[in-house]
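Take a moment to turn the model around on your screen before you read on. This report walks through some helix contacts and a cavity.

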Amino acid sequence: MSVAAPARLNLLSRSRWLWADTKVLCWRNLLRFVRIPALFVFSIVQPLMFVLLFVFVFGGVISKLPGIDYVNFLMPGIFVQTAIFGSTQTGIGISEDLHSGILDRFRSLPMSRSGVLTGRTSADIVRNVVVVLLMIGVGYLVGFSFEFGWIHALMAVVLAVLIGFSFSWVSAWIGLTLKDSETVQAASFTWIFPLTFISSALVPIVGMPSGLQAIARNNPVTVWANAVRWLTNGYIYGPDHTQLLPPDGATGTAIVVKSLIWIAGILVVFVPLAVRKYRKLT
């Protein structure tokens, strides 16, 4: 993979080694989708089912939203949900590598230890980009459209991918902690489902019981869904989440900044935790 590095490297050299190993391991993880196409197919089946179910089954019941079509309300939440749900593959993949012994082989090579994790999460960035783009295509087929310009549309995609990247590190830590892939999958969905459903990602908060509304208002998924909603449609929910506010650059920028702060906070906490856990195991 690479020639042996000196025992002590300066920060620049360490960064170069990490970058080189990340590229190799990222490519290794992406090749799994080529060799096991069913893995990629089923990673897009779930978000596709959510789109079709909510638009055609539940959409008629919850479609009466002031100022916005339900499909334009729904799709930004689907982008966020897809990115978060997709992150579970990181933990599952890492736990499978632990059991297969491949991480022991990596340990015997002159490579950056962190490269295993950064390579895995980088591959997930690529997968998330492809899946989100596919969801946009599906959204257009059912009536979704970007109404705030292509620059904001690009920002919405980038934000969704960053959300998935941050949760990949959460999933990596879970995978390294629980180790067994079946347990990792069960544990991941145990907390991801309430996190995404008790939010404004799929339905307006105003229809929830008062206790759940308080949780949903302070849920980062609500912040992210509203940020992507503003970037795609130019509208955003007010503080009480009972009505949509007209396009407002200052309000929209503020919620995008808040979204990025949430992402940065997750990365600051879980990147060191995952790296430390990996080093202990290897």
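What follows looks at three pairs of helices and then at an internal space.

Please keep in mind that this is a predicted model.

**How the helices pair up**

Here is an overview of the three pairs.

| Helix pair | Axis distance | Crossing angle |
|---|---|---|
| H4 and H8 | within 9 Å | roughly 160° |
| H2 and H6 | 10 Å | about 40° |
| H3 and H8 | within 11 Å | roughly 170° |

Let's start with H4 and H8, where H8 covers residues 181-197. Their axes cross at roughly 160°, which makes H4 roughly antiparallel to H8. Angles over 145 degrees count as roughly antiparallel, so this pair fits that label. The crossing of H4 past H8 is right-handed. Which residues of H4 and H8 meet here? On the H4 side they are Thr88, Gly91, Ile92, Ser95 and Glu96, while H8 brings Ser181, Val184, Gln185, Ser188, Phe189 and Ile192. Sorted by class, the residues of this contact are four nonpolar, six polar and one charged.

H8 also packs with H3, a helix made of residues 70-86. With an angle of roughly 170° between the axes, H3 is roughly antiparallel to H8 because of that crossing. From H3 come Gln81, Ile84 and Phe85, and from H8 come Phe189, Ile192, Phe193, Thr196 and Phe197. Look for Phe189 and Ile192 in particular: they touch H3, and they are also among the residues that meet H4. The contact of H3 with H8 holds six nonpolar and two polar residues, with no charged ones.

The remaining pair is H2 (residues 37-58) and H6, packed at an angle of about 40°. H2 passes H6 in a right-handed crossing. Phe40, Ser43, Ile44, Pro47, Leu48 and Val51 of H2 face Val130, Val131, Leu134, Met135 and Val138 of H6 in this contact. How many of the residues in the contact of H2 with H6 are nonpolar? There are ten, along with one polar residue and no charged ones.

**A cavity inside**

Rolling a probe the size of a water molecule over the atoms reveals where empty space remains. In this model there is one cavity of 30 Å³ or more, and the space in the largest cavity comes to about 60 Å³. Its lining is made of Leu25, Arg28, Asn29, Ile94, Asp97, Leu103, Phe106, Val116 and Arg120. Helices H1 (11-35), H4 (88-100), H5 (102-107) and H6 (114-141) each give two or more residues to that lining. Which helix gives the most? H1 does, with three residues. By class, the lining has five nonpolar, one polar and three charged residues.

Note on methods: Residues numbered from 1 in each chain as written. Predicted model: local features only at pLDDT ≥ 70, side-chain atom pairs only at ≥ 80, totals over all residues. Heavy atoms only, no water. 1 Å grid on protein atoms, 1.4 Å probe; cavity = no way out; pocket = protein on both sides within 12 Å on 5 of 7 lines; lining within 4 Å. Points joined across faces, edges and corners; volume = space filled by probe spheres on them. Helix = DSSP H or I, 4+ residues; strand = E, 2+ residues; numbered from the N terminus. Nonpolar A, V, L, I, M, F, W, Y, C, P; charged D, E, K, R; others polar. Axes fitted to C-alpha atoms, helices over the stretch in contact; angles between N-to-C directions. Parallel < 35°, antiparallel > 145°, perpendicular 65-115°, else oblique. Left-handed = near helix turned anticlockwise from the far one by under 90°. Contact = heavy atoms within 4.5 Å.
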